[in-house]
Amino acid sequence: EGPEVQRSADLLHDALAGRTIRAFGARTKVARAWLAEHPDAFVGRRVERVWAHGKHLVGQVEGGLFFHSHYLMWGRWMVVAPDADEVATRDRRERARIVTDDAAALLYSAPKFTVGRGDPYDHVPALSLLGPDVLPEAGPFDADAFLRRLDRQPDRAVGSALLDQSVAAGIGNYLRAEILYDCRMDPWRLVGELDGEERACLAEATPRICAQAYREGGQTVPEAVQARQAADRDLRYSPHAHPWNTKHWVFRRTNLPCLTCDDYVRQQKQLSHEWTDDDGTTVEKTRVIYFCPTCQGVAPEHVKKARPHRDRRPPDSEWAPTEEAADPGYE
């Protein structure tokens with residue numbers, strides 16, 4: 001999500017900005033084709049800057065060149081010593097490699113990596129559609145633009161609208177759950193039904209929670225709340241207080257007690273977007289939303305009966321400490 005991509009952009013900017021590219025390679029189809037038509041276009045050029053816009057990472061290279069990546073669910077950038085990049089050539093997950101005298105930036109598993117010349121916002125269609133960045137480089141979050149874009153979809157559930165990158169760039173599944181919980185808002189409430197106080201809460205909570213997640217490596221609860229979860233076995237899945245297990249208010253806390261009230265956190269699939277395919281068939285995509293029915297006033301038809309985790313967990317001695325095994329809400 002936005003905070004994670006921003007940290008990757010920081011990593012690459014620190015490693016590459018101001019340095020001259022000695023080798024540049026890509027394995028994605030589109031980038032490979034462009035590089036075949038423009039051999040060594042990037043070699044000998046200086047990287048000017050690397051930044052993030054929402055979930056997109058962009059690099060500007062002198063001579064009007066750019067590179068662009070999007071992780072989807074699997075990608076990641078790594079920076080290693082320049083003489084270590086030869087090892088990476090044997091890794092089938094590698095999608096791109098940018099080498100300078102000081103460092104090698106390696107992109108793994110991301111299905112989207114493109115390159116070109118000119119303004120990347122003119123050449124990468126998704127960039128031109130993005131809403132205000134939840135972590136803007138300069139100045140405050142553009143709350144007015146966020147609310148204007150939100151208002152274009154009055155009949156859409158707010159939990160679905162927050163995932164729309166044209167509304168705000170960088171909100172993904174864990175951030176939208178935490179934002180809605182912070183605002184005590186039903187994910188199925190229609191955008192057109194939101195009152196002024198609710199709209200103001202979304203505009204304030206969105207940049208605040210995203211900034212905290214950026215600073216704290218994805219954590220959205222205060223340290224005192226994380227410590228409380230670590231100290232109370234009934235407030236987490238694993239007997240071990242792993243950071244992933246104690247860092248959120250509701251995200252991936254299905255059937256655990258709410259950290260504010262006496263209810264239990266629930267999960268439910270929610271329509272995120274739909275489209276019509278080439279055959280004229282309507283295709284629907286859903287994502288799991290996590291929420292507290294009591295704190296967020298969720299309508300009964302969206303609330304499944306809780307199955308308290310403490311009543312059905314295995315003995316600690318039999319616990320397999322993997323995230324997938326620990327969390328029945330794991331996606």
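How many bridges join strand β3 (residues 56-61) to β4? I looked this up before anything else, bearing in mind that the model is predicted. I found 6 bridges, with β3 and β4 running antiparallel. One pair I noted is Val58 with its bridge partner His68 in β4. The two strands make a hairpin with 3 residues between them, and I stopped at Gly63 in the turn, where phi is positive at about 90°.

Next I followed β4 (residues 65-70) itself. I saw that 6 of its 6 residues are buried. Leu65, Phe67 and Ser69 point one way, and Phe66, His68 and His70 point the other, so to speak a strand covered on both counts, as all of them are buried. On to its pairing with β8 (residues 112-117): I counted 6 bridges here too, again antiparallel, with Phe113 in β8 as the partner of Ser69.

Then I turned to β1 (residues 23-26), where I found alternation. Phe24 and Ala26 point to one face and are buried, while Ala23 and Gly25 point to the other and are not. I traced 4 bridges from β1 to β6 (residues 94-99), an antiparallel pair, and Ala26 has Ala96 as its bridge partner.

Last, I checked the nonpolar cores. The largest has 45 residues, and Phe146, Leu150, Val158, Leu162 and Leu202 touch the most other members. I noted that α6, α7, α8, α9 and β10 each supply at least two of its residues. Apart from this core I found another, of 30 residues, with Leu16, Phe24, Ile98 and Ala110 among them. Back at Leu202, I listed its contacts beyond four places in sequence, including Ile179, Cys183, Met185 and Pro207.

Note on methods: Residues numbered from 1 in each chain as written. Predicted model: local features only at pLDDT ≥ 70, side-chain atom pairs only at ≥ 80, totals over all residues. Heavy atoms only, no water. Buried < 20%, exposed > 50% of the residue type's maximum accessible area, 1.4 Å probe, protein only. Pairing = 2+ DSSP bridges. Core = buried A, V, L, I, M, F, W, Y, C linked by side-chain atoms within 4.5 Å. Contact = heavy atoms within 4.5 Å.
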